[in-house]
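Student: Could you go through this model with me, and show how each term is justified by its definition?

Tutor: Gladly; let us look at the structure and then take the terms one by one.

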Amino acid sequence: MTLDQKLKQRRYKEIWQEYCGFLDISLDEYMGIQNRLLLEQLRLYADCELGRLILKGTKPTTVDEFRRTIPLTTYADYADILLKKNEAALPAKPAIWIETTWEGGKSPIKTAPYTQSMVDNHKGTILSIIILSTSDGRGRFTLRSHDNFLFGLAPLPYFSGLVPYAMQGELSVNFMPPVDDAIQMSFGERNKEGFVLGMQKGIDVLIGMSSVITRISESFAHSGDGNSKKRFMKNLFKNSPVMNYRMLKAMMRSKEDGVPITPKDIWRPKGLVCGGTDSAAFKKRIENLWGIRPLELFGGTEPTCIGTEIWSKDGLVFFPDVCFYEFIPEQEFERNLQDPSYEPKAYLINELVAGSNYELVISNFKGGAFMRYRVGDVFRCLSLANEIDGIGYPQFAYIDRISTVIDIAGFTRITENTITEAIRISNLNVHNWFALKEYGETNRPYVHLYVEMGVDAIVNGVVAKDIIQNHLSIYFRYLDGDYQDLKHMLGIDPLMVSVLPTGVIERYSRESGKKIRKMNPSHYDVTEIVKLANR
């Protein structure tokens with residue numbers, strides 16, 4: 001029986017139990033699911049070429065043996081097989097291949113195989129998330145068949161492109177614009193058409209990357225946008241009378257009070273789902289624009305969709321049947337950064353400490369490729385259980401990528417190699433540098449690159465900072481197409497350059513006895529270097 005059929009028959013308790021029943025289990029039951037599915041995966045994994053490579057020829061028969069004998073992995077361990085899409089080497093036949101950014105111009109993409117079982121499981125998690133986005137308490141939700149969804153997702157082969165297809169055959173949804181049309185449109189065209197259709201039909205659910213939702217919402221809310229008013233008048237007789245009334249009322253208020261028209265003036269969505277690296281920076285702005293608190297999800301190419309907030313929208317829970325989860329404490333991954341030969345310790349979800357930060361490690365279930373895989377994302381364990389909402393296992397907040405990567409708005413992943421290569425091909429005489437992620441006055445993320453220029457690059461003691469910034473921006477765009485999308489699609493200038501006196505980084509390192517990381521050095525060290533530079 002499909003979700004559509006159950007909704008039609010108002011079998012709401014049954015729907016909740018099927019899609020959200022995982023919220024009722026105990027921590028012991030959670031670990032039971034984790035262990036059982038991992039052992040099933042290991043039996044599949046040990047008999048394929050990729051499995052023999054990653055498992056080093058062993059065949060672990062217990063969870064403890066698996067964790068004790070199998071080292072942590074990164075994408076480089078899989079690249080030779082996965083980038084060639086060598087299906088014969090995998091534990092199960094892929095139904096689809098998903099792509100994402102890897103490392104700028106050096107290794108532009110990563111690919112990941114999804115088996116049919118993984119795709120089917122992904123359907124369940126997506127439907128769970130959408131149901132929860134329209135919920136205000138355990139067992140209560142307002143999702144219905146033929147709700148209107150504003151399309152704010154990247155198409156296949158990106159991971160988010162699976163979302164529309166996750167609903168096919170289960171839930172009838174009116175995507176605006178329709179998916180087949182949307183994937184042929186530019187970012188701007190898709191947004192305009194989505195809002196035109198939203199005026200005609202209303203908007204029940206909005207789902208997309210937090211940065212994209214913010215951009216399209218602010219674009220709509222731009223006061224003095226004569227084009228939007230012209231489009232409204234052009235489609236006046238096609239629009240819903242309710243939407244027309246709200247729009248006219250908002251236009252009058254905007255003119256009288258000198259304030260912009262915002263989406264919440266027009267629409268009353270049931271649910272709003274957001275995701276992406278910098279969601280914490282965008283969520284409050286989204287809530288102000290739409291009048292509804294967004295529900296955050298977490299997913300990625302390698303792990304698939306693994307986490308969701310619930311009705312209270314104050315922390316992520318991880319689905320127990322998608323991946324096997326391990327967690328590297330912050331002090332352990334920092335030690336590993338200082339000494340790459342050190343194998344950091346990882347802990348299970350029932351071994352965590354509330355208030356601590358952890359790097360996530362996943363092992364795919366259901367024939368997936370990745371085992372003990374360092375995803376590169378950091379979470380804070382908010383609590384070991386939530387008594388108020390009746391959740392018996394930990395909840396998390398997404399923090400950011402690990403410190404060796406600067407991810408801006410979920411669009412681009414800048415590494416030391418990316419910056420080094422951009423500097424090299426720019427022919428700028430950069431003597432030394434470091435970079436960190438910072439947030440501007442409007443809480444928007446950007447890369448702050450501190451550079452020291454060689455003596456011959458300094459004219460009369462002055463360096464043209466804007467020239468350096470513009471020059472490097474060109475080469476970042478050349479190396480990383482996603483970097484270019486940030487400015488074009490989101491209106492974010494992701495680079496700021498500050499020029500330091502030549503030798504100040506080495507001087508601080510010598511006087512403090514510290515080795516300054518190229519990527520995301522501590523804010524204390526950055527502050528002290530800037531103070532030293534200004535003396």
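Student: How much space lies in the second largest pocket of this predicted model, and what makes a residue part of its lining?

Tutor: About 940 Å³ of space lies in the second largest pocket. A lining residue must have an atom within 4 Å of a point of the pocket, and 43 residues line this one, with A154, Y158, S160, M209 and G410 the closest to its centre. Strand 7 (residues 295–300) gives the most to this lining, with four residues.

Student: Why is G410, one of those closest to the centre, counted as polar?

Tutor: Gly is placed among the polar residues by definition, so G410 belongs to that class. By class, the lining of the second largest pocket has 21 nonpolar, 13 polar and nine charged residues.

Student: What is the volume of the largest pocket, and which residues lie nearest its centre?

Tutor: The largest pocket holds about 1,200 Å³ of space. Its lining has 42 residues, and N336, L337, I402, T404 and V405 lie nearest the centre. The lining divides into 18 nonpolar, twelve polar and twelve charged residues.

Student: Why can L23 and M167 be called buried?

Tutor: Both belong to the largest nonpolar core, of 95 residues, and are among those with the most contacts inside it. A nonpolar core is made of buried residues, and buried means under 20% relative accessible area, so L23 and M167 must each fall under that limit. Helix 7 (residues 116–133) gives the most to this core, with eight residues.

Methods: Residues numbered from 1 in each chain as written. Predicted model: local features only at pLDDT ≥ 70, side-chain atom pairs only at ≥ 80, totals over all residues. Heavy atoms only, no water. Core = buried A, V, L, I, M, F, W, Y, C linked by side-chain atoms within 4.5 Å. Buried < 20%, exposed > 50% of the residue type's maximum accessible area, 1.4 Å probe, protein only. Helix = DSSP H or I, 4+ residues; strand = E, 2+ residues; numbered from the N terminus. 1 Å grid on protein atoms, 1.4 Å probe; cavity = no way out; pocket = protein on both sides within 12 Å on 5 of 7 lines; lining within 4 Å. Points joined across faces, edges and corners; volume = space filled by probe spheres on them.
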